[in-house]
Amino acid sequence: MKTEHNKRRTFSTVIGGALAVSLASVLWGFDGIVLTPNLHDLDVGFVVFVLHLIPFALMQPFFYKKYRELVRHSWKETGSMFLVSLFGGALGTVCIVKSLFLVNFNHLSAIVLLQKLQPIFAIILAAIFLKERMKSSFALWATLAIVAGYFLTFGLNLPQVDASQNMLHAALFALLAAFSFGASTVFSKLSLNSFSFSSATFFRYGFATLIMLVYMLFTWKWTQFQSVTTLNWLIIALICTTTGGGAIFLYYYGLRKIKAMTSTILELFFPISAVVFDYFFNNTKLTPLQWTAAALMLFCVFMVNRKKH
């Protein structure tokens, strides 16, 4: 009887974790297609600063005692947490937001799909910094994924800078975002050995806010506050409470309850939902070649993760 109860409890726990990761992935797809592009009339750095400042401020009443933990950690551990914030919080977010702004509501799903190359960069950086071994088949799947990403973005044409769409620049920023998020994943492995999940989330937002504060001070973008419309504030509030901080908490809640391989599969709801949202909200349709390239790229990324786990 007790064994049967434990089985049911384990099953419900796994289902709950799977639903949390799936919902977080769909929220990220919604954010990239519907929410963030609506802030295109604001400065990119200002947007990233506000999107970190507000959640960090909201965390203060709950996590203010976390500041004491910094004293207990070594410079190396704190430095790793800072690098997570630098790459995953500041640089990665700036690059993907800039990429979404550049395409002017065109090719949004292609840009979001390109970001899914993140695991490839993460594995390469893990081999360099963490001395993790790469499987012999990694080079094949990684190369195929990058080639598929090219055809997804440019089709059969050579890359050209189009003044009205800036697709080449947007694609480069998306790849830089994938690299930055991949680097953040690697440094997270170092920092999460000493920081709890709640502490890591708190300090990630805190360090990222400080980094973007430096940007604000040097570029003097404070005047942007006067340019923020009521609609902008509404979008920012939605991102901070749902697709931003809310989605991150959902994702890590689910990640603790399911296997890494299961998470890898469920995270595909992110690009899939992005394509669906892009169709319904922007009437954007991928060409047959783009569909083929997207399917191949996601399959290669899946195989890379499968070999890893």
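Leaving aside its neighbours within four places in sequence, which residues is threonine 209 in contact with? In this predicted model, the answer is a set of four: Phe49, His52, Leu53 and Phe56. Threonine 209 itself belongs to helix H9, which covers residues 197–219. Its relative accessibility is 8%, and threonine 209 therefore counts as buried, the cut-off for that class being under 20%.

It helps to set this site against the chain as a whole. The chain contains 14 helices and zero strands, and reading from the N terminus on, the elements follow one another as α-α-α-α-α-α-α-α-α-α-α-α-α-α. Of its 309 residues, 49% are buried. Among contacts with a separation of 6 or more, 88% join residues 24 or more positions apart.

The surface deserves a look as well. About 15900 Å² of the chain is exposed, and 67% of that area is supplied by carbon and sulfur atoms. One nonpolar patch on this surface measures about 530 Å² and is formed by Ile272, Val276, Tyr279, Phe280 and Phe281. Tyrosine 279, one of the residues in this patch, lies in helix H13, which spans residues 269–282. Is tyrosine 279 buried or partly exposed? Its relative accessibility is 39%, so tyrosine 279 counts as partly exposed, a class that lies between the 20% limit for buried residues and the 50% limit for exposed ones. Threonine 209 in helix H9, by contrast, is buried.

Conventions. Residues numbered from 1 in each chain as written. Predicted model: local features only at pLDDT ≥ 70, side-chain atom pairs only at ≥ 80, totals over all residues. Heavy atoms only, no water. Patch = residues over 30% accessible without salt bridge, like charges linked within 9 Å, V, L, I, M, F, W, Y side chains within 5 Å. Areas by Shrake-Rupley, 256 points an atom, 1.4 Å probe, with all protein chains shown as cover. Salt bridge = Lys/Arg side-chain N within 4 Å of Asp/Glu carboxyl O. Helix = DSSP H or I, 4+ residues; strand = E, 2+ residues; numbered from the N terminus. Buried < 20%, exposed > 50% of the residue type's maximum accessible area, 1.4 Å probe, protein only. Contact = heavy atoms within 4.5 Å.
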